[in-house]
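Work through the exercises below with the sequence and the model open. Each task is followed by a solution in steps.

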Amino acid sequence: MAGPSHPRAVDVLGRVTLVTGKEEFLNERTVAAVRTAVRHHDHEAEVSETQGSDLTLATLGEMAAPSLFSSIRCVVVRGLENLPEESVAGLLDYATAPAEDVALVLVHGGGPKGSGTLTKLRKLSTVTEAKSGELRPSEFPGFVVAEVRSHGSRIDPDAADNLVQAVGQDLRSLAAAADQLTNDFPGEPITADKVKQYFGGRAEAKSFAVADAAFWGRRTVALEELRWALDGGTAPVLVTSAFAGGARGVARYLSAPRGMREADLAREVGVPPWKLRTIRDQSRGWTDGGIARAIRAVAQADADVKGAASDPSYTLERLVLTVTGLRSS
């Protein structure tokens, strides 16, 4: 990934950070790193967010303007690919000479839409791009090794391979698994035996069984699968990660252009072709508004679980009830 992985305030204030690529987990890490840099510089700094589709010169001006409390701001614009044509010139004018006390983050989710705007932004000296490419299958073990190292530990290469096989090729799930292992074995190298001890039951498969049932609207089945998964030692963060993947799949399917060939549609949705039929059938019970509320519910549950919720199982049960309740029968 290009761009600074741990930026300082001087790297982002008075500049534009352009975050591009389809790997949402890595994109979100870059956004979080910019926010952290700004907050470290000024703990009262204000953070605001908007969607590219809602961005006008007026709203950008409002977000970038100093407040009564702090002149330091971090402004995040998501979905830059949906920026209205009439707002492009104003954004480029701002990006040419950004406000000194503002860190502007523009997030583009990949794909050809809005590529002309990206080309113009990349030519500006005030713009730093952080690009997340989709990982090849051979690169996932290396991601695990780097994750474990970032926590001050190390993992055997065969253990990294085993973790990918057990958890699957979802970066959020792999990062959560690496975090759990290094917390539970502080200062110890992570071996294949430790991975098998925690994830030998294919926690990913259990997690996705819960999420799939929920997005089908099968409440009783989802609750039973959840109880079985948790009793079997599946980490709660893997369950919320599976829900996040399920929600993204349905949302992308609903927003995909009609009439695409199946292979192209699978790429657009970001799933293997065999998974597309499940998502197609699931999506028949979902509206755009319903899936948007489900995504917010998943994000809240994920934050609760990672924030050491007093009862993660209750948080996950509530998530199942919420998601199944949002799906139309």
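**Exercise 1.** In this predicted model, find the salt bridge of Arg-122 with Glu-129 and classify the exposure of both residues.

Solution.
- The closest N and O atoms of Arg-122 and Glu-129 are 2.9 Å apart; the cut-off is 4 Å, so the pair counts as a salt bridge.
- Partly exposed covers the range between 20% and 50% relative accessible area.
- Arg-122 has 39%, so this residue is partly exposed.
- Glu-129 has 21% and is partly exposed as well.

**Exercise 2.** State the strand order of the open sheet and explain why E2 and E5 each have one side without a neighbour.

Solution.
- The sheet has 5 strands in the order E2-E3-E4-E1-E5, with parallel pairing.
- Strand E2 (46–51) and strand E5 (127–132) are at the edges; each has a single partner strand, so one side of each lacks a neighbour in the sheet.
- From one strand to the next, the twist averages 15°.
- Strand E1 (residues 15–21) is joined to E5 by 6 bridges, and Thr-20 stands opposite Lys-131 in E5.

**Exercise 3.** Which parts does the salt bridge between Arg-35 and Glu-49 tie together?

Solution.
- The two side chains, Arg-35 and Glu-49, meet at 3.3 Å, N to O.
- Arg-35 belongs to helix H2 and Glu-49 to strand E2, so the pair ties together parts 14 residues apart in sequence.
- Arg-35, at 22% relative accessible area, is partly exposed; Glu-49, at 42%, is also partly exposed.

Definitions and conventions
Residues are numbered from 1 along each chain as its sequence is written. This is a predicted model: local features need pLDDT of at least 70, side-chain atom pairs count only at pLDDT 80 or more; totals for chains, interfaces and linings use all residues. Side-chain values use heavy atoms; hydrogens and water are left out. Two strands pair if DSSP finds at least two bridges between them. Helices (H or I, at least four residues) and strands (E, at least two) are DSSP runs, numbered from the N terminus. Axes are lines fitted to C-alpha atoms, for helices over the stretch in contact, and angles run from 0 to 180 degrees between N-to-C directions. Buried means under 20% relative accessible area, exposed over 50%, partly exposed in between (1.4 Å probe, protein chains only).
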